[in-house]
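Open the model in your viewer and keep the sequence panel beside it. The tour goes from one selection to the next and says what is there.

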Amino acid sequence: MRTILVTGPGGSGRTTLAAATALTAARDGTPTLVLSTDRTDTLGAALGTPTGPTPVPVPDTPHLTAWRPDAAERFRADLTAFQDRGANVLDFLGASRLDPEELTPLPGAEELALLRALRDAALSEAYDLLVVDLPPTPQALALLALPDELRRYLRRLLPAERQAARALRPVLGRLAGVPMPSEWLYEAAARWDVELAAVTAVVEGRDTVVRLVAEPGPAGADAVRAATTGLALRGLRADVLLANRVLPEPSTDPWLASVTAQQRKTLEDWQEAHTLHQVPHLGHDPHGTDDLAALRAPGVNPTPAPIEWPVTDHLADDGVLLWHIPLPGAIRDELDLVRRGDELVLTVGPFRRIVALPSALRRCTVAGAALRDGELRIRFTPDPDLWPQTR
């Protein structure tokens, strides 16, 4: 199934254009699901029909279904199940269990609900296209990074190899006088790892692209520049930039003429760097499928080529291996690199990612790095103690 992740700065109209994108695909005959987790029914307002925790077909639009999962309900169910599984530990500690009626979602519950819904929808065979209305770009990038981060934490806190000592846990528990981690905890960690891996497979899949939405202007230009860098750091592909609320030209009104000129300058810059599609300003907030159709959102484009981080061999000439990491829009002063064992901690402005080194580079030491033409090139020198020697 194809997946389009729609994001942009707050107030850019990303939910409306996610709905318009889904509508275009559905009217082309593609079974489509549009997904959102906004607490307020912004998606329903755009479609002209209420959405909720159960997927609902959009009236008069065959092939289009809308879904807004209930994060609060899922949070209560998950925490109640966790209390049931950990009843022995809670009883030992004298903890009082929480009733489902008194549970309110914690910050981040909406994001976790969206990730789970994304996985469930992607595994469904009822749709050929999934359009996901993500939060504003900074939160969206953090959300998309969450599955990998949580998997990394689980591997550090509950490594699978420690399960080999499960026969000793009762003895250690008696000696220490406190309950040791039970088998169910490791089983839960393994189950979470599988679920998180499924989400990562959707986000990083070859059939997944990101669609950026922004209003042309100085603020929009800054947001798109930062988003482009953040997406590249995550290895995500953007298929198109939707310039929203573009005003018609020319205008005799001095104020509108000034805004139009500002938009035109930004659009010219975007045209050079992105696959650009202009969305007209309707003069009112779009409501209903007729308004969404008037926005003329582009259909599903061919999947762009995957973003690659290749390693090139320059051992014969310079004695180094070069790791090429595309980072368009990155600024040298906001770039930081830290080698940690077999991992590289890469920070670009507000974005941070921990990536595993390719196998060849794990036997090398970092010799330097340079940022040129939107590409980070890290030089690695073979470690004589680890690199295969030629006799």
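In the hairpin of β14 and β15, which residue takes a positive phi? Select the two residues between the strands: D373 is the one, with a phi near 50°. Bear in mind throughout that this is a predicted model.

**Around the hairpin**

Now select residues 364-372, which form strand β14, and add β15; the two pair in the antiparallel sense over eight bridges. Look for A370 and its bridge partner in β15, R377.

Next, colour β15 by itself, residues 375-382. Its covered face carries L376, I378, F380 and P382. On the uncovered face are E375, R377, R379 and T381.

Add strand β10, residues 320-326, which also runs antiparallel to β15, with six bridges between them. Here P326 stands opposite E375.

**The whole chain**

Zoom out. The protein has 391 residues, and 43% of them are buried. Its secondary structure comes to twelve helices and 15 strands. Among contacts with a separation of 6 or more, 68% are between residues 24 or more positions apart.

**The eight-stranded sheet**

Select β1 to β8. These eight strands form an open sheet with mixed pairing, and the order across it is β3-β4-β2-β5-β1-β6-β7-β8. At the edges are β3 (56-57) and β8 (276-280), each of which pairs on one side only.

Show helix α1, residues 14-27, which packs on this sheet. Helix α1 touches β1, β2, β4, β5, β6, β7 and β8, and its direction makes about 170° with that of β5.

Move to strand β7, residues 238-246: four bridges join β7 to β8, and the two run parallel. A243 stands opposite Q278 of β8. Then show helix α10, residues 254-273, which lies across β6, β7 and β8 and runs at about 170° to β7.

**One residue in β4**

Select T65, in strand β4. Is T65 buried or exposed? Its relative accessible area is 13%, and buried means under 20%, so T65 counts as buried. Leaving out residues up to four places away in sequence, T65 touches T32, L33, V34, P55, V56, P57 and Y127.

**Two cores**

Which residues have the most contacts inside the largest nonpolar core? They are W270 and W323, in a core of 54 residues. Select W270 and show what surrounds it. Not counting neighbours within four places in sequence, W270 is in contact with A214, E215, P216, G220, A221, V224, L241, A243 and L276. There is also a second, separate core of 27 residues, and A18, L23, A25 and A46 are among them.

**A pocket**

For the last stop, turn on the surface. Rolling a probe the size of a water molecule over the atoms shows where empty space is left. The second largest pocket holds about 510 Å³ of space. Of the 26 residues that line the second largest pocket, V224, T228, A273, H274 and P328 lie nearest its centre.

Which element gives the most to this lining? Select α9, which supplies six residues to the second largest pocket. Helix α9 covers residues 218-234, and α9, β7 and α10 each supply at least two residues of that lining. Two of these elements were visited earlier: β7 is joined to β8 by four bridges, and α10 lies across β6, β7 and β8.

Conventions
Residues numbered from 1 in each chain as written. Predicted model: local features only at pLDDT ≥ 70, side-chain atom pairs only at ≥ 80, totals over all residues. Heavy atoms only, no water. Pairing = 2+ DSSP bridges. Contact = heavy atoms within 4.5 Å. Axes fitted to C-alpha atoms, helices over the stretch in contact; angles between N-to-C directions. Core = buried A, V, L, I, M, F, W, Y, C linked by side-chain atoms within 4.5 Å. Buried < 20%, exposed > 50% of the residue type's maximum accessible area, 1.4 Å probe, protein only. 1 Å grid on protein atoms, 1.4 Å probe; cavity = no way out; pocket = protein on both sides within 12 Å on 5 of 7 lines; lining within 4 Å. Points joined across faces, edges and corners; volume = space filled by probe spheres on them.
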